[in-house]
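Trainee: I would like to learn how to read a model such as this one, feature by feature. Could we start with the overall build and then move on to the details?

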Amino acid sequence: MLRLDALTKTYKTGDQALKAVTLDVPAGQVLALIGPSGAGKSTLIRCINRLVPPTSGKVTLADVDITSLGAGALRRERRRMGMIFQEYALVERLTVMENVLSGRLGYVGFWRALTRRFPQKDVDEAFRLLDRVGLLHMADKRADQLSGGQRQRVGICRALIQDPALLLVDEPTASLDPKTSRQIMRLICELCAERGLAAIINIHDVALAQMFVARVIGLRFGEIVYDGPPDGLTPETLNEIYGEEDWEATIEKIDEDDTAEAAE
Amino acid sequence: MPVIESSQGPIWRLRNRNETLKRWFGWLFGVAIFLWCWQQISDATTWFFVWDAPNIAGDILGRATPPRWSYMDNLWWPIWDTLNIATLGTIGALILAVPIAFLAARNTTPSTLFIRPIALLIIVATRSINSLIWALLLIAIIGPGVFAGIIAIAIRSIGFCAKLLYEAIEEIDQSQVEAVTATGASRWQVMVYGIVPQIMPAFAGIAVFRWDINIRESTVLGLVGAGGIGLQLQASLNTLAWPQVSLILLVILAAVVISEWVSAKVRGAII
């Protein structure tokens, strides 16, 4: 459904963040993108919705070539790609409800957006989503009054109310505690399964990625060095992605966690 | 940060000997210049007037007290004019300053090469000319009165408001803007959802702050004939009616104190 074709990004400084990345994501597949800081993970997902314009190569979403679209058509295609951010990126001074409804901005006109008169069916959907993530009682709170985990849930609602076909998720758990991280990852993966969404999740926590996703892509210096199932990640492959390190502890820990999880 | 090795171990000083000497000479030079300037000013001063100043001041103070309270009846209307000049002038300035600020801010300007310099030029030009001078110019163009005062205050405030506002726009959290853009929002929607909520506190603070300054500025606009309480002040000064002058100064002081109080309250409520 999503296809990246020799996607390349060279920044003005001359840093080559992506080197001809080619990737196929079938509909409904959740994949994790792992790799060291600076490997180009954030650049990759921002090139897909063109928050960062790619230098060359092609991005195709359901047979639409995103890279060649004009401004108006790009906005229409962005509606089909929900994005979830590391630091939540909620509009802090707006209410939870306004933040969720801002996911519908691509569908409503300027005056409706300015006067906050969204169609009733959007408002219904917003309430339904907030209920789904357990934040219905927070709808009227200002976003800056929420805790990190709650904010990320609002961020998830904002992405989902777009009715997307694809979720672009940038380090969703990097600023969260371990328990909340798992809850957020579980929530994202459950919602993707419920709605048949594909998702690309940038993540630092290898163990967490292995726990939840079906496919892992390892990125190093802008190139894909691993593409396979999570249990194919051996110390050797992690060495290749991140560089020399003792990985036994990381991998063993996952197994323990998994059994602990199963015992709960 | 020199460290001197001695038999007792390393000794630390903030500056080494050379730097210390340089600082001493610097101070010596500064004091010498100060004394020389003092000498120059002293030569150019008619000291008789200075020695006489306390007597004159005491004399004027004696004539000015008690204030002529009955004159207050003539002041209600001018002070109301002064308030209106400040308030309407500030509103006018804000209406013009908002678009200019968006054109001047690096992250919202449509063109860094052409439009931004023009916006910055407007900001500098309106800021650099005092409101009294604007009033003089405008009285020549649209005649004396309150309207000239309002326009003078408005023009003078554009630069101030636009400058502070565009700095606030440049300091916003860009990730919130990115998130709104990613939903497929249009340029204007991004502005309304991603930028405006972030700059609202700054905007409100700037508005009240400038209003507070404008109350003070508009009290003197009457000196050049642009309406308000300054007109009465000038008339009283010209006729040496010191009891009236002291009353007017008291009224201005009261107006400024009240406006300070209001703006402090409003800013406190916002932040």
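Mentor: Let us begin with the elements themselves: helices and strands are DSSP runs, a helix having at least four residues and a strand at least two, and they are numbered from the N terminus. Please keep in mind that this is a predicted model.

Trainee: In what order do the elements of chain B run from the N terminus on?

Mentor: The order in chain B is β-β-α-α-α-α-α-α-α-α-α-α, which comes to 10 helices and 2 strands. Chain B is more spread out than a compact globule, because its radius of gyration is 27 Å, well over the 18 Å that the globule rule gives for 271 residues. Along the principal axes, the C-alpha atoms of chain B fill a box of roughly 75 × 70 × 35 Å.

Trainee: What radius of gyration does chain A have, and what would a compact globule of 264 residues have?

Mentor: Chain A has 19 Å, which agrees with the value near 18 Å for a compact globule of 264 residues. Its C-alpha trace spans about 55 × 50 × 30 Å along the principal axes, and chain A holds 10 helices and 10 strands. Buried residues make up 42% of chain A, while in chain B 35% of the 271 residues count as buried.

Trainee: How is each chain divided into domains?

Mentor: Chain B has domain 1 (1-42) and domain 2 (77-270), with C-alpha centres that lie 46 Å apart. In chain A, domain 1 is made of 2-80 + 165-263, and domain 2 covers 89-163; the C-alpha centres of these two domains of chain A lie 25 Å apart.

Trainee: How many residues of domain 1 of chain A are in contact with domain 2 of chain A, and which helix supplies the largest share of that side?

Mentor: There are 14 residues of domain 1 of chain A in contact with 10 residues of domain 2 of chain A. On the domain 1 side, helix 2 and helix 7 (178-195) of chain A each supply at least two residues, and the largest share, 6 residues, comes from helix 7 of chain A. By class, that side has 7 nonpolar, 3 polar and 4 charged residues.

Trainee: How do I read the packing of two helices, for instance helix 8 and helix 10 of chain B?

Mentor: One looks at how the two axes approach and at what angle they cross. The axes of helix 8 and helix 10 (residues 242-270) of chain B come within 10 Å and cross at roughly 180°, which means that helix 8 of chain B is roughly antiparallel to helix 10 of chain B. Among the residues that make the contact are Val208(B), Phe209(B) and Trp211(B) of helix 8 of chain B and Ile252(B), Val256(B) and Ile270(B) of helix 10 of chain B. By class, this contact has 11 nonpolar, 4 polar and 4 charged residues.

Trainee: Which elements of chain B each supply at least two residues of the side that touches chain A?

Mentor: To set the scene, 19 residues of chain B are in contact with 21 residues of chain A. Helix 7 and helix 8 of chain B each supply at least two residues of the chain B side, and helix 8 of chain B gives the most, with 8 residues. The chain B side divides into 9 nonpolar, 9 polar and 1 charged.

Trainee: What covers the buried residues of helix 7 of chain B?

Mentor: In helix 7 (residues 174-182) of chain B, the buried residues include Gln176(B), Val177(B) and Val180(B). Their cover includes helix 2 (71-78) and strand 6 (81-84) of chain A together with helix 8 (187-221) of chain B. After helix 7 of chain B comes Gly184(B), with a positive phi near 95°.

Trainee: Where does a positive phi turn up in a residue other than glycine, and is that residue buried or exposed?

Mentor: Ala62(A) has a phi near 45° and is found in the loop between strand 4 (56-61) and strand 5 (64-65) of chain A; it counts as exposed because it has 12 C-beta neighbours inside 10 Å. Ala6(A) also has a positive phi, of about 45°, but is found in strand 1 (residues 2-10) of chain A, and with 13 C-beta neighbours inside 10 Å Ala6(A) counts as partly exposed.

Trainee: Which residues does a cis peptide bond join?

Mentor: The bond joins Thr65(B) and Pro66(B), with omega about -10°, and Pro66(B) is found in the loop between helix 2 (47-64) and helix 3 (76-104) of chain B.

Technical notes. Residues numbered from 1 in each chain as written. Chains lettered and ligands numbered in written order. Predicted model: local features only at pLDDT ≥ 70, side-chain atom pairs only at ≥ 80, totals over all residues. Rg over C-alpha atoms; globule rule 2.2 N^0.38 Å. Buried ≥ 20, exposed ≤ 12 C-beta atoms within 10 Å, placed from the backbone. Contact = placed C-beta atoms within 7 Å. Domains from an automatic or database assignment. Axes fitted to C-alpha atoms, helices over the stretch in contact; angles between N-to-C directions. Parallel < 35°, antiparallel > 145°, perpendicular 65-115°, else oblique. Nonpolar A, V, L, I, M, F, W, Y, C, P; charged D, E, K, R; others polar.
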